[in-house]
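Got the viewer open? Let's walk through this one stop at a time, selecting as we go.

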Amino acid sequence: MNEEKINFKNNYKGLLLDIEGVIYEGNKLIEGSIETINKLLANGFKIKYLTNTTTTSRRLIFEKLLQFKLPLNESDIFSPAIATNIFLKKKYFKNIIIYKSIFTRRFY
Amino acid sequence: MIDDIKPEAIILGDLFKEFNWEKLNKVFQTILENNALIIALHKNRYCKRENKLSLDLGPFVAALEYATSKKSVLIGKPEKNFFNLAIEEMKLKNEEVVMMGDDIVADIGGAKNICLSTIQVKTGKFQKKDETNVYLQPDYRINSISGLPYILGME
């Protein structure tokens with residue numbers, strides 16, 4: 001563990017970036033977020049925004065990040081609901097019906 | 001709503017303040033009656049809400065697992081699958097990817113499980129005791145996201 005530069009050999013091409021607590025806290029953007037993300041994008045980095053949030057949909061997360069003026073697409077956000085969808089298609093069931101139950105009304 | 005269906009699987013998301021005995025009990029009964037698979041969107045113990053560490057989805061998943069003697073299929077961080085699926089979508093290899101987060105277990109532990117380089121920020125859920133965690137340490141720890149370009153050699 002140290003605070004030196006990563007031995008950067010141009011081998012990193014992507015960043016998985018946690019959202020809450022890293023980019024913003026509560027309703028406040030953490031200083032330097034936009035500049036950092038822009039710098040990474042300018043260096044050719046792919047960024048995937050990872051969240052464990054299940055209380056809001058990807059669209060709402062996207063809209064919140066847009067309000068902060070972050071440069072991203074909705075598809076850059078990856079959540080457990082999105083992963084579940086991929087997972088169910090891949091592994092378990094051929095047909096997926098999402099019932100609008102208490103658990104799924106804000107599912108996607 | 002779930003009375004009239006016979007689910008093969010129950011997907012558990014976080015209900016925050018809407019969790020209550022009636023709902024949990026209904027889900028418990030549905031799982032038992034249908035021998036349904038429990039899929040949990042994650043099993044995080046706690047998170048920061050209204051500025052305080054608060055119960056997350058995990059404790060409720062654990063309660064249902066305990067009551068039904070079943071183990072759930074977990075989806076979100078820190079599960080390997082979650083990180084792997086995200087990297088797959090980026091069309092990159094694991095060694096080309098860095099994970100940065102504030103949560104020592106979900107973000108750092110999860111990413112380390114699939115051998116990603118890891119960076120922890122000292123914002124959000126970061127706690128002082130993370131720095132002395134004997135089992136789990138990130139490759140790098142920085143004050144906040146604004147220190148990332150330097151760490152990556154971009155400035």
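Start where the two chains meet: select the 58 residues of chain B that are in contact with 47 residues of chain A. Keep in mind that you're looking at a predicted model.

Now stay on chain B and see which elements build its side of this meeting place. The ones that each supply at least two residues are the strands β1 (9–12), β6 (97–101), β7 (117–121) and β8 (140–142), along with the helices α3 (80–90), α4 (104–113) and α5 (148–151). Which of them gives the largest share? Click on α3(B): seven residues of the side that touches chain A come from there.

Next, try colouring that side of chain B by residue class. You should get 32 nonpolar residues, plus 13 polar and 13 charged ones.

Time to cross over. Select strand β1 of chain A, residues 14–18, together with β6(B). These two strands run parallel, and four bridges join them. Want one pair to zoom in on? Pick A:Leu16, then look across to B:Met99, its bridge partner in β6(B).

For the next stop, hide chain B and trace chain A by itself. Along the sequence you'll pass through β-β-β-α-β-α-β-α, which gives chain A five strands and three helices.

Last stop: how much of chain A is buried? Of its 108 residues, 31% count as buried. Then turn on the contacts within chain A that have a separation of 6 or more: 66% of them are between residues 24 or more positions apart.

Conventions: Residues are numbered from 1 along each chain as its sequence is written. Chains are lettered from A and ligands numbered from 1 in the order in which they are written. This is a predicted model: local features need pLDDT of at least 70, side-chain atom pairs count only at pLDDT 80 or more; totals for chains, interfaces and linings use all residues. Two residues are in contact if their C-beta atoms, placed from the backbone, lie within 7 Å. Ala, Val, Leu, Ile, Met, Phe, Trp, Tyr, Cys and Pro count as nonpolar, Asp, Glu, Lys and Arg as charged, and the others, Gly among them, as polar. Two strands pair if DSSP finds at least two bridges between them. A residue is buried if 20 or more other C-beta atoms lie within 10 Å of its own, exposed if 12 or fewer, and partly exposed in between; C-beta atoms are placed from the backbone.
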